[in-house]
Amino acid sequence: MLYQKAAELNIDTKKHILVALITIRSQADLQLLNLHLHRLVSDIKSVFSSKAPVVYGFDTKVTIVFTLDPHEEHRAIIKQLEDLLSKWRYYNECHIKIGIGSRYSHFTQIGKSYSEAEKAISYLLSQQQDGCILYEEIGINRLFINQSKEEVKTFIDEVFLPLKNNHLNDEPLEQTLEAYFDNNRSASLTAKQIHIHVNTLYQRLKKIEEKMNISFTNSEHLLKVQLACYLKKFHYS
């Protein structure tokens, strides 16, 4: 059945596949937005006639299934898609997000690539960003795509809460901890960045361990605190 459907859609089953999703947001009314969507689908079909056997639009989303030769570089096609949408967005005054799934060698993995493209779109939405992102570029952030901002913030607040009770203005422990991980736990670089002596840094790190009831030699503790620092920097900076 899958091979039959692929034949109906003109998908070459010997080629690699890649799914791209595009979402459009516009101040235009629904009728004009639908017109924009149909025009975009037409433009994509025109540009990628031999590379995209499946292009269709529904609601505010365009789905594209690319087929590539095994040794063909897909980055060039993605760049071509970005260029097309950049010009299109300029003339139509729309906000566009592009999510790209992973490339797979067998057409039966279209669903997996599609799911990854959806997650890439979700990541852009969570960051309130337009533009294009590949699922593989999201990195560790893919673990938090389905987590609400409230849940992530609660985790960050819980980790840093013991340090917020520090009343000594000359010992900003929270900032010290963030600088420590920003500098890959290098004592000399951290001390230089926050303008203190390295021995003072070690004293602060000891106080951080005591207040947070952790040990920097414990891999689980280390991962938890480093993750909280990362999320605070890249999600709530």
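Helix 6 and helix 8 sit roughly perpendicular to each other, because angles of 65 to 115 degrees are counted that way and theirs comes out at about 105°. This is a predicted model, so everything described here is read from computed coordinates. Packed helices in general are described by the angle between their axes and by the distance between those axes. For this pair, helix 6 covering residues 173-182 and helix 8 covering residues 198-212, the axes are 10 Å apart. On the helix 6 side, the contact is made by Leu173, Thr176, Leu177 and Tyr180. Helix 8 answers with Leu201, Arg204, Leu205, Lys207, Ile208, Lys211 and Met212. Sorted by class, that contact has 7 nonpolar, 1 polar and 3 charged residues.

Next comes the sheet. It is an open one of 5 strands, laid out in the order 2-3-1-4-5, and its pairing is mixed. Strand 2 (54-58) and strand 5 (131-134) take the edges, and each has a single partner strand, so one side of each goes without a neighbour in the sheet. Going from one strand to the next, the twist averages 15°. Strands of a sheet, in general, pair through backbone hydrogen bonds, in either a parallel or an antiparallel way. Here, strand 1 (residues 16-25) and strand 3 (residues 61-68) run antiparallel and are joined by 8 bridges. Within this pair, Ile17 of the chain stands opposite Thr67 in strand 3.

Two helices go with these strands. Helix 2, made of residues 30-47, lies across strand 1, strand 2 and strand 3, and it runs at about 175° to strand 2. Helix 4 (residues 110-126) packs on the sheet too, where it touches strand 1, strand 3, strand 4 (95-100) and strand 5. The direction of helix 4 makes about 35° with that of strand 1.

That leaves the empty space. Rolling a probe the size of a water molecule over the atoms shows where such space is left. The largest pocket holds about 220 Å³. It is lined by 14 residues, and the closest to its centre are Leu9, Ile11, Val54, Val65 and Ile110. Helix 1 (2-8), strand 2, strand 3 and helix 4 are the elements that each give two or more residues to this lining. By class, the lining of the largest pocket has 11 nonpolar, 2 polar and 1 charged residues.

Terms used: Residues are numbered from 1 along each chain as its sequence is written. This is a predicted model: local features need pLDDT of at least 70, side-chain atom pairs count only at pLDDT 80 or more; totals for chains, interfaces and linings use all residues. Side-chain values use heavy atoms; hydrogens and water are left out. Two strands pair if DSSP finds at least two bridges between them. Helices (H or I, at least four residues) and strands (E, at least two) are DSSP runs, numbered from the N terminus. Axes are lines fitted to C-alpha atoms, for helices over the stretch in contact, and angles run from 0 to 180 degrees between N-to-C directions. Contact means heavy atoms within 4.5 Å. On a 1 Å grid over the protein atoms alone, a cavity is a set of points where a 1.4 Å probe fits but cannot get out, and a pocket is an open set with protein on both sides within 12 Å along at least five of seven lines; lining residues have an atom within 4 Å of a point. Grid points are joined across faces, edges and corners, and a volume is the space filled by probe spheres set on the points. Ala, Val, Leu, Ile, Met, Phe, Trp, Tyr, Cys and Pro count as nonpolar, Asp, Glu, Lys and Arg as charged, and the others, Gly among them, as polar. Angles under 35 degrees count as roughly parallel, over 145 as roughly antiparallel, 65 to 115 as roughly perpendicular and the rest as oblique.
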